[in-house]
Amino acid sequence: MRVLIVHAHPEPASFSGALTSVAVEALEASGHEAVVSDLYAEGFDAVAGRGDFTGAANSAKFHYQAEQAHAAETDSFVAEIAREQERVMAADLLVLQFPLWWGAPPAVLKSWFERVMAYGFAYVDGCRFDTGFFKGRRALISVTTGGTPKRFSDEDVYGPIERVLYPLKRLALEYMGYEVEAPFVSYAVPRISDEERADCLARWRTRVVAAAEAAPSVEIRDPRAALARMGAQAWTRA
């Protein structure tokens with residue numbers, strides 16, 4: 001299977017970095033193809049705007065979704081967005097690897113969704129959730145936390161990790177049609193022992209390979225046909 005790991009941590013020696021390295025090693029050893037989008041290392045731009053496009057649908061008034069629809073129709077996304085979209089299109093399994101900062105993924109990962117998972121590429125009107133473009137594909141969230149499991153319990157201050165990750169799981173991945181597995185959570189990594197970190201990496205190795213083997217092989221599809229059916233012009237009126 002083809003696996004895309006979107007890695008969002010600025011430090012290669014971090015535990016997030018170790019999780020990504022272990023995932024690549026385990027997947028390739030099991031005969032799967034692993035591609036890493038290392039957002040910090042590749043200098044992925046965290047600011048969305050006119051700079052995302054090499055052309056313009058409307059040079060007088062900027063409407064982001066209308067410009068995304070135009071770019072999807074005319075192949076006019078800038079190179080780094082086009083590169084990421086090609087990686088997404090080729091992947092049977094999408095893995096997101098990131099630390100939890102202020103109760104959410106780092107800003108660069110949020111920007112990756114805003115810029116790469118564009119209107120006309122990842123969704124259009126009428127193609128969401130059960131009818132989403134990525135229906136049949138799978139996604140897996142791997143997150144590291146500073147907080148302990150107790151902190152993420154019903155009785156404690158943060159609440160369950162599933163509640164914290166709901167916007168990413170439901171309103172991003174499932175919105176586009178992905179079937180999302182239960183998250184893999186590495187709790188309290190600054191506080192645990194070396195033995196506990198090793199155990200976590202071993203469990204992750206098993207988990208990510210199992211996720212790849214459960215993912216169905218999917219055909220690469222061109223979203224422009226759906227965009228043409230829906231009609232991009234509606235967005236120019238918003």
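I will go through two helix packings and then the largest pocket of the structure shown above, which is a predicted model.

Let me begin with helix 1, residues 15-29, and helix 7, residues 194-214, which pack at an angle of about 45° with their axes 9 Å apart. Because angles of 65 to 115 degrees count as roughly perpendicular and those under 35 as roughly parallel, helix 1 and helix 7 are described as oblique to each other, and their crossing is right-handed. On the side of helix 1 the contact is made by Phe15, Ala18, Leu19, Val22, Ala23, Glu25, Ala26 and Leu27, while helix 7 brings in Arg197, Cys200, Leu201, Trp204, Arg205, Val208, Val209 and Ala212. Sorted by class, this contact of helix 1 with helix 7 has 13 nonpolar residues, 3 charged ones and no polar ones.

The second packing is that of helix 3, residues 79-90, on helix 4, residues 107-116, where the angle is about 90° and the axes lie 10 Å apart, so that helix 3 and helix 4 are roughly perpendicular to each other. Here Glu80, Ile81, Glu84, Gln85 and Val88 of helix 3 meet Trp112, Arg115 and Val116 of helix 4, and by class the contact of helix 3 with helix 4 has 4 nonpolar, 1 polar and 3 charged residues.

Helix 4 also brings us to the pocket. Which residues are the closest to the centre of the largest pocket? The largest pocket has a volume of about 510 Å³, and of the 20 residues that line it, the closest to its centre are Lys110, Phe113, Glu114, Leu171 and Ala172. Two or more lining residues come from each of helix 2 (64-74), helix 4 and helix 6 (166-173), and the lining as a whole has, by class, 15 nonpolar, 3 polar and 2 charged residues.

Definitions and conventions. Residues numbered from 1 in each chain as written. Predicted model: local features only at pLDDT ≥ 70, side-chain atom pairs only at ≥ 80, totals over all residues. Heavy atoms only, no water. Axes fitted to C-alpha atoms, helices over the stretch in contact; angles between N-to-C directions. Helix = DSSP H or I, 4+ residues; strand = E, 2+ residues; numbered from the N terminus. Parallel < 35°, antiparallel > 145°, perpendicular 65-115°, else oblique. Contact = heavy atoms within 4.5 Å. Nonpolar A, V, L, I, M, F, W, Y, C, P; charged D, E, K, R; others polar. 1 Å grid on protein atoms, 1.4 Å probe; cavity = no way out; pocket = protein on both sides within 12 Å on 5 of 7 lines; lining within 4 Å. Points joined across faces, edges and corners; volume = space filled by probe spheres on them. Left-handed = near helix turned anticlockwise from the far one by under 90°.
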